[in-house]
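Hi everyone, thanks for making time today. I'd like to walk you through a structure that may be new to you, so settle in and have a look at it with me.

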Amino acid sequence: GTIDAAAVYPREVVKAALQYTAAAVILAHNHPRGVAEPSQADISITTKIQHALNLVDLRLLEHFVVGDAT
């Protein structure tokens, strides 16, 4: 990634889940600026990943955004 973005490819998430013979996936990432609210880009990629996982009968359980606790 860069200082303010990282590339996420749904196919790579699906590939990793299948390699581990997962039944479900939990996603997590941080927001370096500390705001834990999901951005519109977060919501969009989560939806794309969820659709990709559904194609191979995998469930997306949660997507956590980690921010500053203060």
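I'll start with the overall layout, then turn to the strands, one arginine and a pocket.

First, please keep in mind that what you see is a predicted model. The protein has 70 residues, and 23% of them count as buried. If you draw a box around the C-alpha atoms along the principal axes, that box comes to roughly 35 × 20 × 20 Å.

How many helices and strands are there? The protein has two helices and two strands. Reading from the N terminus, you meet them in the order α-β-α-β.

Now let's look at how these elements go together. Strand 1 covers residues 24–30, and strand 2 covers residues 59–66. The two strands pair in the parallel sense, with seven bridges between them. To find your way along that pairing, take Ala24, whose bridge partner in strand 2 is Arg59. Another place to look is Leu27, which stands opposite His63 of strand 2. Helix 2, residues 40–55, belongs in this picture too: strand 1, helix 2 and strand 2 form a β-α-β unit, and it is right-handed.

There is also a number that tells you about contacts along the chain. Among contacts with a separation of 6 or more, 77% are between residues at least 24 positions apart.

Let's stay with Arg59 for a moment. Is Arg59 buried or exposed? Arg59 counts as exposed, because its relative accessibility is 56% and the cut-off for exposed is over 50%. Leaving aside residues up to four places away in sequence, Arg59 touches Ala23, Ala24 and Val25. You might also glance at Arg11, 48 residues from Arg59 along the chain: the C-alpha atoms of these two are separated by 14 Å.

Finally, the pocket. The largest pocket has a volume of about 630 Å³. It is lined by 23 residues, and those closest to its centre are Ala6, His29, Asn30, His31 and Asp42. Which elements supply at least two residues of the lining each? Strand 1 and helix 2 both do, and these are elements we have just met in the β-α-β unit. As for the character of the lining, 13 of its residues are nonpolar, seven are polar and three are charged.

That's the tour. Thanks for listening, and I'm happy to go back to any part of it.

Terms used: Residues numbered from 1 in each chain as written. Predicted model: local features only at pLDDT ≥ 70, side-chain atom pairs only at ≥ 80, totals over all residues. Heavy atoms only, no water. 1 Å grid on protein atoms, 1.4 Å probe; cavity = no way out; pocket = protein on both sides within 12 Å on 5 of 7 lines; lining within 4 Å. Points joined across faces, edges and corners; volume = space filled by probe spheres on them. Helix = DSSP H or I, 4+ residues; strand = E, 2+ residues; numbered from the N terminus. Nonpolar A, V, L, I, M, F, W, Y, C, P; charged D, E, K, R; others polar. Pairing = 2+ DSSP bridges. Right-handed = clockwise from strand over helix to strand, strands pointing away. Buried < 20%, exposed > 50% of the residue type's maximum accessible area, 1.4 Å probe, protein only. Contact = heavy atoms within 4.5 Å.
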